[in-house]
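Me: I've got a structure open and I'd like to walk through it. Can you help me read it?

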Amino acid sequence: MSKKVSKIAILTSGGDAPGMNATIRAVVRTGVYLGLEVYGIMRGYSGMMEDDIFPMGSKTVANIIQRGGTILKSARCREFYTEEGRAQAYANLKKRGIDGLVVIGGDGSFTGAMKLQNEFGLPVIGLPGTIDKDLYGTDFTIGFDTACNTAVQAIDKIRDTADAHDRLFIVEVMGRHAGYIALHSGIATGAETILIPEAATNIEDVIASLSEKEKRKKLVNIIVVAEGDAFGGANEVAKIVRERLPNFDTKVSILGHIQRGGSPTCIDRLVASRMGYHAVEALIAGKSNVMVGIINNEIVYTPLEVAIREKDSIDENWLRIVKILAS
Ligand code: ADP
Ligand code: F6P
């Protein structure tokens, strides 16, 4: 039988994502409602090491559900990669009697959490907070929907000016190792082609398709590229297109960090609230070393190790749909 938790802590770590605040709110309010003491840790593992830890009550999370960023701030902490660093960090939890931890972050943050569990026996629950949707074991990650909507709004605007000047825009969206933002925003904006790290792209096919459409006077405005695609992002793709098709007026637009900010969408607030609630329930039920995910609208617990290691494959039908709908 696992020991019953009584004091839990929460932190946000790695790249921030819209909906992290809604998640913090859900964890704090559920914890307090169920009779736990809840602590917030500032700046991820950095705050844990520096003892920047404070008690949180229901009122401390008022009026944040709609805010982007994270009131707990996020950071990347080099010292936490070392065993001594983690021991120092854990000592700050231990002295307060903290016996459960909720980590909102991506695969790096989960790796740190697993080490805390394995080295000190601290029960940890991971919540997938990343716009990239690059974790296995969930249909949604906190922030992904907002990032896609931000990209869609931006690309729609780019299309207006592209159309006015008959220009081809190569738009780069985030996703160092994952093409989900590119895929979703590209389909939703009617992109000609979507280039993602998960699928091999034959540049000859892209060039051939652009030339063929030019011949039949079909306007082609938008190509969406994930930053981690095989060519190395939009600028590299544009170089090839300009060389091969000099008659195209080709522009590049890199959307960048606007995708990480902003008020979370309704979907992200729901996902955040539901996952935050289940993280606390999971700790109380004695679960540890798992990520809370949602698959087919059911809550699913995936070992952190699996959530990090395994990769969801992108259904090839999606790319076929892109091709057909852009024809
Ligand atoms: P993300 O969680 O978004 O993937 P990072 O990869 O930057 O972000 O990881 C966030 C933090 O998690 C790191 O700065 C570090 O403190 C901790 N972390 C990442 N990987 C490890 C690891 N292998 N061992 C211990 N801590 C780690
Ligand atoms: O949050 C994930 C992500 O947005 C990646 O797609 C991107 O490459 C990275 O974070 C950039 O993060 P930072 O600027 O914080 O290093």
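**Walking through the model**

Reply: Sure. This is a predicted model. Let's start at a hairpin. S10 and S11 form one with 2 residues between the strands, and in it Asn-296 takes a positive phi near 50°.

Me: How do S10 and S11 pair, parallel or antiparallel?
Reply: Antiparallel. Strand S10 covers residues 290–295, and 6 bridges link S10 to S11. As an example, Gly-293 has Val-300 in S11 as its bridge partner.

Me: What's the strand order in the sheet they belong to?
Reply: The order is S3-S2-S1-S4-S5-S10-S11. That's an open sheet of 7 strands with mixed pairing.

Me: Which strands stand at the edges?
Reply: Strand S3 (53–56) and strand S11 (298–303). Each has a single partner strand, so one side of each has no neighbour in the sheet.

Me: How much twist is there from one strand to the next?
Reply: It averages 30°.

Me: And S1 with S4, how many bridges join them?
Reply: There are 5. S1 is residues 7–12, S4 is residues 100–105, and the two run parallel. Ala-9 has Leu-101 as its bridge partner in S4.

Me: Which strands does helix H1 touch?
Reply: H1 (residues 20–33) packs on the sheet and touches S1, S2 (37–41), S3, S4 and S5 (124–128). The direction of H1 makes about 175° with that of S1.

Me: New topic, helices. How do you describe two packed ones?
Reply: By the angle between their axes and the distance between the axes.

Me: OK, what are those values for H3 and H4?
Reply: The angle is about 80°, and the axes are 11 Å apart. H3 is residues 83–94 and H4 is residues 107–120. An angle from 65 to 115 degrees counts as roughly perpendicular, so that is how H3 and H4 stand to each other.

Me: Which residues meet there?
Reply: From H3, Glu-83, Arg-86, Ala-87 and Tyr-90. From H4, Lys-115, Leu-116, Glu-119 and Phe-120. The contact divides into 4 nonpolar, no polar and 4 charged residues.

Me: Last one. Where is Thr-265?
Reply: Thr-265 is in the loop between strand S9 (250–254) and helix H9 (266–284).

Me: Is Thr-265 buried or exposed?
Reply: Buried. Its relative accessibility is 18%, and the cut-off for buried is under 20%.

Me: What does Thr-265 contact, neighbours within four places in sequence aside?
Reply: Asp-145, Thr-146 and Asn-149. With Asp-145 there is a polar contact, side chain to side chain, at 2.6 Å.

Notes
Residues are numbered from 1 along each chain as its sequence is written. Chains are lettered from A and ligands numbered from 1 in the order in which they are written. This is a predicted model: local features need pLDDT of at least 70, side-chain atom pairs count only at pLDDT 80 or more; totals for chains, interfaces and linings use all residues. Side-chain values use heavy atoms; hydrogens and water are left out. Axes are lines fitted to C-alpha atoms, for helices over the stretch in contact, and angles run from 0 to 180 degrees between N-to-C directions. Helices (H or I, at least four residues) and strands (E, at least two) are DSSP runs, numbered from the N terminus. Angles under 35 degrees count as roughly parallel, over 145 as roughly antiparallel, 65 to 115 as roughly perpendicular and the rest as oblique. Contact means heavy atoms within 4.5 Å. Ala, Val, Leu, Ile, Met, Phe, Trp, Tyr, Cys and Pro count as nonpolar, Asp, Glu, Lys and Arg as charged, and the others, Gly among them, as polar. Two strands pair if DSSP finds at least two bridges between them. Buried means under 20% relative accessible area, exposed over 50%, partly exposed in between (1.4 Å probe, protein chains only). A polar contact is a pair of N or O atoms within 3.5 Å; within protein, one must be able to donate a hydrogen and the other to accept it, and residues adjacent in sequence count only if both atoms are side-chain atoms.
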